[in-house]
Amino acid sequence: PSGSHGVWVPSQALNPTMPHFEVSLIRAAELFIEAEMRKCRDSLKGPNWNKVLVPLPEEHELLQAFAAEQKNLCEARGLSRSDWTWLVKKTFNMWSAQDA
């Protein structure tokens, strides 16, 4: 099944005193929530999968100012987006090493 996770379901053939059942409780729960789980998975694949809260106006302003400064820096230094990305990653790693 789609959510197999090692749940042991007893065999009625090996346990003749066990009452008859059609579906295990775990499988019944999986069938019940499968549609909701699919919706959640689909929404987590979308462009706003990590959007928890709408940014505050001051956060939006900060982001816009930061982006403008980075664009100006790239233009002044003649950096491509790839150059900028490489420098940001290197800077982040350098700062992380300094904090350790």
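How much of the accessible surface of the chain belongs to carbon and sulfur atoms? Of about 9,300 Å² in total, the share is 63%.

**View 1. The whole chain, an all-helix run.** Keep in mind that this is a predicted model. Starting at the N terminus, the elements go α-α-α, making three helices and zero strands. Just 4% of the 100 residues count as buried.

**View 2. Q12, ahead of the helices.** Here we zoom in on Q12, which sits in the segment before α1 (25-44). Its relative accessibility is 28%, and because buried means under 20% and exposed over 50%, Q12 lands in the partly exposed class. Leaving aside residues up to four places away in sequence, Q12 touches M18, P19, H20 and F21.

**View 3. Helix α2 from end to end.** This helix takes in residues 57-77, 21 residues in all. At 1.5 Å a residue, α2 should span 30 Å, so the 30 Å between its end C-alpha atoms agrees with that expectation. Right after α2 comes G78, with a positive phi of about 70 degrees.

**View 4. The largest pocket, with α2 and α3 in its lining.** About 170 Å³ of space lies in this pocket. Its lining is made up of F66, Q70, L73, L79, W84, L87, V88, T91 and W95. Both α2 and α3 (81-99) supply at least two of these residues each, and α3 gives the largest share, with five. What kinds of residues are in the lining: nonpolar, polar or charged? Seven are nonpolar, two are polar and none is charged.

Terms used
Residues numbered from 1 in each chain as written. Predicted model: local features only at pLDDT ≥ 70, side-chain atom pairs only at ≥ 80, totals over all residues. Heavy atoms only, no water. Helix = DSSP H or I, 4+ residues; strand = E, 2+ residues; numbered from the N terminus. Expected span 1.5 Å × (residues − 1). Buried < 20%, exposed > 50% of the residue type's maximum accessible area, 1.4 Å probe, protein only. Areas by Shrake-Rupley, 256 points an atom, 1.4 Å probe, with all protein chains shown as cover. Contact = heavy atoms within 4.5 Å. 1 Å grid on protein atoms, 1.4 Å probe; cavity = no way out; pocket = protein on both sides within 12 Å on 5 of 7 lines; lining within 4 Å. Points joined across faces, edges and corners; volume = space filled by probe spheres on them. Nonpolar A, V, L, I, M, F, W, Y, C, P; charged D, E, K, R; others polar.
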